[in-house]
Amino acid sequence: MRFGIPARRSPALATLVALSISLAGCSSGSLGSSGDKDKLTLEFLVPTGPDSLPVGERLAKDFTASHPDIKVDVEARPGGGEGDNVVKTRLATGEMADVFLYNTGSLFQAIDPKKNLVPMTDEKWVGDLDDLFRPTASVGDQVYGAPAGSNMGGGVLYNRKVYADLDLKVPKTWDGFMANNAKIKKAGIAPVIQTYQETWTSQLFVLGDYHNVAAAEPDFAKEYTGNDVKYATSPDARRGFERLQDVHDAGYLNKGFASATYEQGLRMIGKGEGAHYPMLTNAISPVIEAVPAAKDDMGFFALPGEKAAQNGLTAWAPAAAYIPKSTEGEKLKAAKEFLAFIASPDGCKSLTKAQPPSGPYSVKGCELPADAPQAVKDTQRYFEDDAVTPALEFLSPVKGPALEQICIEVGSGIRSASKGAQLYDKDVAKQAKQLGLKGW
């Protein structure tokens with residue numbers, strides 16, 4: 001499931017930006033300079049948007065600085081579904097760039113890696129990848145991608161100053177979370193921020209709950225993929241929808257939640273006008289940008305489940321850089337060097353320069369910067385404690401496109417949790433049949 005602003009960019013604007021950047025890159029690469037004429041040039045296709053384009057440009061710049069015989073031209077493409085079509089079309093026609101940035105997990109599986117991509121399994125750097133990332137860019141025993149970003153947690157951003165003022169402890173159970181919410185509401189602060197104007201922000205209570213589902217039902221992903229279990233019939237899976245209903249029915253949401261925007265949510269949590277914001281950790285930097293004084297006030301915890309002993313984090317792996325099979329000869333050799341750079345401590349330093357990390361990196365030897373916000377350090381602790389489960393989309397191709405709208409209906413009291421779960425089961429069934437999955 002895609003989150004965030006890039007997928008919501010106006011298609012027309014995205015196309016214009018992509019065209020402008022593409023033309024700029026083409027002009028530079030085609031005209032060249034006297035110093036560039038002897039260089040081998042790689043084309044690097046990345047999504048446009050604040051989460052991706054700066055990353056691509058920074059990696060290209062730093063790699064070229066350390067490999068002066070290789071020049072990397074960055075080409076931008078639209079994000080979201082429009083970008084998916086660009087990637088699939090260019091792979092199918094053999095016109096893909098020499099290296100491209102794309103999703104891991106289910107969307108990666110949908111581009112037919114065996115047919116279209118060069119496996120990296122025998123490259124030395126593959127041995128430095130962590131066990132959480134490796135399956136998300138693999139098919140069978142073949143690894144295809146180099147991680148181009150940091151991990152993200154899906155859980156709850158919270159205001160540490162509010163917690164300190166009210167003498168609250170970070171909850172490890174849902175009951176503890178709701179007890180904190182009661183005290184926060186009594187203090188006149190919105191316990192839970194929801195921002196349904198931006199529909200993608202509605203999904204964390206369901207998607208971020210997957211660690212708790214897996215803790216209770218370790219085979220859930222396999223059985224879900226085989227259509228042997230459903231959200232509506234699994235009490236553990238249905239809890240995500242029930243958590244949405246719980247906070248609404250208790251009156252714990254901020255005023256105007258139905259029309260509030262993501263930007264407003266960031267400011268609310270940063271200023272302490274709300275105590276909890278269910279969100280991905282890639283929102284930490286935007287919160288601090290919106291409210292700089294909040295850097296030390298921002299904390300993060302995993303979505304609490306039923307048992308404190310099973311408390312842990314649902315995590316999203318970063319996107320990855322891939323090489324298409326259309327890249328051959330000297331360009332293939334150079335492209336492999338580029339991926340080796342990306343999956344190295346120097347590559348992580350380059351990523352950090354482009355974008356502050358939202359969690360730990362997936363490459364051995366990469367460390368968070370010493371001045372990382374407390375909320376990012378909070379995220380890292382779950383990885384250090386080995387209390388992390390990949391989000392369901394990295395374990396199963398089954399997911400429906402209407403989840404965000406269903407979550408809004410449940411979270412707004414329009415539809416019950418049980419009805420929402422039933423509707424989502426119908427939504428994913430359509431998707432599974434389109435994918436031709438067995439058992440659907």
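## A cavity and two helix crossings

Seventeen is the count to start from: the largest cavity is lined by 17 residues, and Leu207, Tyr231, Leu392, Glu393 and Tyr424 are the ones that lie nearest its centre. Three elements each give two or more residues to this lining, namely α8 (204–207), α9 (210–216) and α11 (235–249). Please keep in mind as you look around that this is a predicted model.

How much space lies in the largest cavity? The volume comes to about 140 Å³. With a threshold of 30 Å³ or more, the count is one cavity. As for the chemistry of its walls, the lining of the largest cavity divides into 13 nonpolar residues, one polar residue and three charged ones.

From the cavity, let us follow α11 to one of its packing partners. Two packed helices are described by the angle between their axes and the distance between the axes. For α11 and helix α18 (residues 417–435), that angle is about 135 degrees and the axes are 8 Å apart. The two helices α11 and α18 are therefore oblique to each other, and α11 passes α18 in a right-handed crossing. On the α11 side, the contact is made by Arg238, Phe241, Glu242 and Gln245, while α18 brings Ala417, Ser418, Gly420, Ala421 and Tyr424. Sorted by class, this contact of α11 with α18 has four nonpolar, three polar and two charged residues. You may recognise Tyr424 here: besides its part in the contact with α11, Tyr424 is among the lining residues that lie nearest the centre of the largest cavity.

Now for a second pair of helices. Helix α2 (residues 53–66) packs with helix α15 (residues 345–354) at an angle of about 135 degrees, and their axes are 9 Å apart. Why is α2 called oblique to α15? An angle of about 135 degrees falls outside the ranges for roughly parallel, roughly antiparallel and roughly perpendicular, so α2 counts as oblique to α15. The crossing of α2 and α15 is right-handed. Which residues make the contact? From α2 they are Pro54, Val55, Arg58, Leu59 and Asp62, and from α15 they are Gly347, Ser350, Leu351, Lys353 and Ala354. In the contact of α2 with α15, five residues are nonpolar, two are polar and three are charged.

Methods:
Residues are numbered from 1 along each chain as its sequence is written. This is a predicted model: local features need pLDDT of at least 70, side-chain atom pairs count only at pLDDT 80 or more; totals for chains, interfaces and linings use all residues. Side-chain values use heavy atoms; hydrogens and water are left out. On a 1 Å grid over the protein atoms alone, a cavity is a set of points where a 1.4 Å probe fits but cannot get out, and a pocket is an open set with protein on both sides within 12 Å along at least five of seven lines; lining residues have an atom within 4 Å of a point. Grid points are joined across faces, edges and corners, and a volume is the space filled by probe spheres set on the points. Helices (H or I, at least four residues) and strands (E, at least two) are DSSP runs, numbered from the N terminus. Ala, Val, Leu, Ile, Met, Phe, Trp, Tyr, Cys and Pro count as nonpolar, Asp, Glu, Lys and Arg as charged, and the others, Gly among them, as polar. Axes are lines fitted to C-alpha atoms, for helices over the stretch in contact, and angles run from 0 to 180 degrees between N-to-C directions. Angles under 35 degrees count as roughly parallel, over 145 as roughly antiparallel, 65 to 115 as roughly perpendicular and the rest as oblique. A crossing is left-handed if the near helix is turned anticlockwise from the far one by less than a right angle, and right-handed if clockwise. Contact means heavy atoms within 4.5 Å.
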